[in-house]
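Q: I'm new to reading protein structures and would love a close look at one part of this one. Could you take it slowly and explain the terms as they come up?

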Amino acid sequence: MIRKNIDVSVKNEGAGPIAMLVQVASRYKSSVNIGQGSKMVNAKSIMGMMTLGLASGQQLEITVDGEDEDVAMKNIEEYLTGN
């Protein structure tokens with residue numbers, strides 16, 4: 001299992017970046033959970049991610065667990081930070 005805190009840097013806010021993040025997370029077999037504070041949601045669930053939101057400057061905790069966790073975390077982090 002890999003756990004990281006990531007500072008979000010997205011160009012647009014709203015449903016578009018959230019949908020893209022769900023697509024990125026869904027490429028992997030590993031479970032991917034994203035949270036802020038005491039709230040954690042399944043990053044592969046558009047409804048769950050909509051309740052969390054996604055905005056620049058936000059700090060999120062990312063937890064990835066499974067056989068492809070390294071590459072999943074790398075790509076999710078790249079998406080969220082724009083790097």
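Leaving aside its neighbours within four places in sequence, which residues is Met-73 in contact with?

A: Happy to help! This is a predicted model, in which local features need pLDDT of at least 70 and side-chain atom pairs count only at pLDDT 80 or more, while totals for chains, interfaces and linings use all residues. Residues are numbered from 1 along each chain as its sequence is written, and side-chain values use heavy atoms, with hydrogens and water left out.

Now to your residue. Apart from neighbours within four places in sequence, Met-73 is in contact with Ile-2, Arg-3, Lys-4, Ile-6, Ile-62 and Val-64; contact means heavy atoms within 4.5 Å. Met-73 sits in helix 3. Helices (H or I, at least four residues) and strands (E, at least two) are DSSP runs, numbered from the N terminus. With a relative accessible area of 2%, Met-73 is buried. Buried means under 20% relative accessible area, exposed over 50%, and partly exposed in between, with a 1.4 Å probe and protein chains only. Met-73 and Ala-25 are 48 residues apart in sequence, yet 8.9 Å apart in space, C-alpha to C-alpha.

Let's look at the strands next. Strand 1 (2-7) is joined to strand 4 (59-65) by six bridges, and the two run antiparallel. Two strands pair if DSSP finds at least two bridges between them. In this pairing, Arg-3 stands opposite Thr-63. Strand 4 is also joined to strand 2 by five bridges, again antiparallel, and there Val-32 stands opposite Val-64. Strand 2 has a further antiparallel partner in strand 3 (residues 39-42), through four bridges. Gln-36 has Lys-39 as its bridge partner in strand 3. The hairpin of strand 2 and strand 3 has two residues between the strands, and Gly-37 takes a positive phi near 65° there.

Further along helix 3 you will find Thr-81, which is buried with a relative accessible area of 18%. A polar atom of the Thr-81 side chain lies 2.8 Å from the backbone oxygen of Glu-77. Not counting neighbours within four places in sequence, Thr-81 is in contact with Ile-6, Asp-7 and Ser-9.

What about the nonpolar core? The term means a set of buried Ala, Val, Leu, Ile, Met, Phe, Trp, Tyr and Cys residues joined through side-chain atoms within 4.5 Å. The largest one here has 24 residues, and Ile-34, Met-49, Leu-54, Ile-62, Ile-76 and Leu-80 touch the most other members. Several elements each supply at least two residues of this core, among them strand 1, strand 4 and helix 3. Helix 1 gives the largest share, five residues. In soluble globular proteins, nonpolar side chains tend to be buried together. Met-49 touches Ile-18, Leu-21, Val-22, Ile-34, Val-41, Asn-42 and Ala-43, not counting residues up to four places away in sequence.

Finally, step back to the whole chain. Three helices and four strands make up its secondary structure, and from the N terminus on they run β-α-β-β-α-β-α. The chain's radius of gyration is 11 Å, close to the 12 Å that the globule rule gives for 83 residues, so the chain is as compact as a globular protein of that length. That radius is taken over C-alpha atoms, and the rule is 2.2 Å times the number of residues to the power 0.38. Buried residues make up 41% of the 83 residues.

Note on methods. Polar contact = N/O pair within 3.5 Å; in protein donor to acceptor, adjacent residues only side chain to side chain.
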